[in-house]
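Please look over this model with its aromatic rings and its strands in mind. A short report follows the display.

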Amino acid sequence: MAQFYVDGYAPGDPFVSPPHPAVAERPPSVPETTDVLVVGCGPAGLVLAAQLANFPDIDTVVVDRRDGPLEVGQADGVACRTVEMFEAFGLADRLIGEGYQVNEVSFWRPDPADPGRITRTGRIPDVEDGLSEMPHMIVNQARMLAYLRDHMARSPRRLEPYYGLHLSGIEIDTSRTAEYPVTVTLAHVAGGEETGASSTVRARYVVGCDGARSSTRAALGRELVGDPTDSSWGVMDVLAVTDFPDIRRKCAIRSAGEGSILIIPREGGYLVRLYIELDNVRDREMLHGRSVTPEKLTAVANRILHPYTLDVRDVGWWSVYTIGQRLCTRFDDVPDGPGRLPRVFIAGDACHTHSAKAGQGMNVSMADTWNLGWKLGAVLRGTARPELLHTYSAERQQVAQQLIDFDREFAASFSAASGSSGGDPDPEKFQRYFREQGRFTAGVAVRYPPSMIIAAEPAQHLARGFEVGTRFHSAPVVRLADAKPLHLGHVARADGAWRLYLFADRRHPGRTDTPMRRLCDHLASVASPLRRYTAEGAEPDSVIDVRAVFQQHHHDLEVTDLPVVLLPRKGRFALVDHEKAFCPDPNAEDVFDLRGVDRDAGCVVVVRPDQYVAHVLGLDDHAGLDAFFAGVLTEAG
């Protein structure tokens, strides 16, 4: 949740940060040096830029070969996990307010009594109950990029992209002595064509988010490996008049012999996206002659939808794509095997490509740079060991492989449901598959393996609902100081801080002889990881942010019962932060029961800056907590 006025009241919009002094010194053209050069202004690039913009002491440059911002986006599905991520930037309300919320999925198949007609076979909830507090949304990709640019513009760095620049070369100094070891040549582009002019930027790190034809990937000598399929799909965003009754529901439709359609209603109440299966035999002339038009796609759609009709009045955007799954073996410039620290990274479509029907491309791409951004920030600010950067490729390449496997199975299942691949056209089987894969499509199935930032031996029995390696699953609570009901996970901002959620045992927090109190005393001591890793003069929660959840009703506790670590002093006036303590929400299921927290023992849940659970420990395991952070963070000078 947002906080402001800590250093004094100021008029105006409190969500616009005071500008960093470097803003006044920024040149009008791309600078010669930077901490991080981000190549590409797509979803992956702008999530990374938005995260880095939150760190005033980090200089970031963002470039894109386009002449300006994207106006019409291709991707539109926003998974629950992505909405959770946008909440950390303070953008979830805007996204939800503008978008279309997917609530149900309808399934249609040939009518057994008349196979030339389609009939509805069932409906299922789009997202299973309790999976996330956030919905599955549909929002134009260009609008999501606009949200992120607005966030960047409000940041201390007032970050804005430089357009008309295309990466044409990279040189990496591996001597470990250069202050800016990566030299990038940027060709100037106007109207899609190179002008012959160029600029040179020297950077500490470079991240290529420049799409499936990535120049960054090519410069590293990396390749996308995989095979295309012979399955082609047309996609259109249309305004149409139709008698099809489920036009405002997500639908999976198969016909007896004309193919399949996936219908995705769009934001605004009228716009609809159609994914239309094209057959290599039936539609051969159109595909091989490259003569696809919106009118021809509409004709195919009407054949599939029979007996219903679709009268397209306007086409906002359309394209044709062939399904293919390709993946890089590494997402950085480090040679295979033990080697030097990475300096150049690739993310999003630059390192993995797949079909669009599962709605995962944009979401997984943004998750790539959500994973990388806080790591780059921590290393550049000197709060974390540089070896942390090795975990990006290790974690995200595994996730991308899982996505490729899922996408291949999903595409095959869709074709089987239509009968076009000779598979089993059992409608109930396809509906069951849709339901079973809901966690993956919602973006909450990711589980990172043990590493320097994921504990190998957590005390998982103390909090079974906060599985180590998975995203922190939020739950309703009430803030003690002001009785505000909120979601516990929403206290985390995209600020690069680790979170310690202390779940108290049953005893009253005012007692001094409990494990909870002893842990809080330890965290307030000179030996505390908070003291060891937070620089002099920095806010006490800027590296490790401590929050506590007590079992008592909020009417049965007083702020004066809290230990000092839960009442940190902040800002130039040393004001008390009263927003660190919470209790169960009496109007919702108790968070301790909801997430399987041991009421007698309590526990500590350690959460990474990207909101993934890193460790679960007992309240009395001070040594284990200290040892975990010693393996990740660097002591403040």
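This report covers ring pairs, charges over rings, and one sheet with a helix across it.

**Aromatic pairs**

The model is predicted. With ring centres within 6.5 Å taken as the cut-off, the count comes to 20 aromatic pairs. Phe4 and Phe15 make up one edge-to-face pair, because their planes stand at 75 degrees, and planes over 60 degrees apart count as edge-to-face. Their ring centres are 5.5 Å apart. Phe4 and Phe15 both lie in the segment before strand S1 (33–39). They are 11 residues apart. Phe4 is partly exposed, at a relative accessible area of 36%.

Phe406 and Phe440 pair in another way: their rings are stacked. The planes differ by 25 degrees, and planes under 30 degrees apart count as stacked. The distance is 4.4 Å centre to centre. Phe406 belongs to helix H9 (residues 390–418) and Phe440 to helix H11 (residues 438–441), so this pair ties together parts 34 residues apart in sequence. Phe406 and Phe440 are both buried.

Rings also join into a cluster. Its members are Phe466, Phe472, Tyr501, Phe503 and Phe592, linked by ring pairs.

**Charges over rings**

Arginines lie over ring faces at the places tabulated here.

| Charge | Ring | Distance from ring centre |
|---|---|---|
| Arg343 | Tyr205 | 4.7 Å |
| Arg381 | Phe55 | 4.1 Å |

**The sheet**

Which strands make up the open sheet, and in what order? There are 7 strands, and the order is S20-S19-S25-S22-S21-S26-S27. Their pairing is mixed. Strand S20 (485–487) and strand S27 (613–617) stand at the edges. Each has a single partner strand, so one side of each is left without a neighbour in the sheet. On average, neighbouring strands of this sheet are turned by 30 degrees against each other, direction ignored.

Now take the edge at S27. Strand S26 (residues 603–607) is joined to S27 by 4 bridges. S26 and S27 run antiparallel. Val605 has Val616 in S27 as its bridge partner.

**A helix across the strands**

Which strands does helix H12 lie across? Helix H12 (residues 515–523) lies across strand S21 (498–503), strand S22 (544–549) and S26. The helix runs at about 155 degrees to S21. S21, S22 and S26 also appear in the strand order of the open sheet.

Technical notes. Residues are numbered from 1 along each chain as its sequence is written. This is a predicted model: local features need pLDDT of at least 70, side-chain atom pairs count only at pLDDT 80 or more; totals for chains, interfaces and linings use all residues. Side-chain values use heavy atoms; hydrogens and water are left out. Rings of Phe, Tyr and Trp (its six-membered ring) pair if their centres lie within 6.5 Å; planes under 30 degrees apart count as stacked, over 60 as edge-to-face and the rest as tilted. Helices (H or I, at least four residues) and strands (E, at least two) are DSSP runs, numbered from the N terminus. Buried means under 20% relative accessible area, exposed over 50%, partly exposed in between (1.4 Å probe, protein chains only). A charge sits over a ring if NZ of Lys or CZ of Arg is within 6 Å of the ring centre and within 35 degrees of the ring normal. Two strands pair if DSSP finds at least two bridges between them. Axes are lines fitted to C-alpha atoms, for helices over the stretch in contact, and angles run from 0 to 180 degrees between N-to-C directions. Contact means heavy atoms within 4.5 Å.
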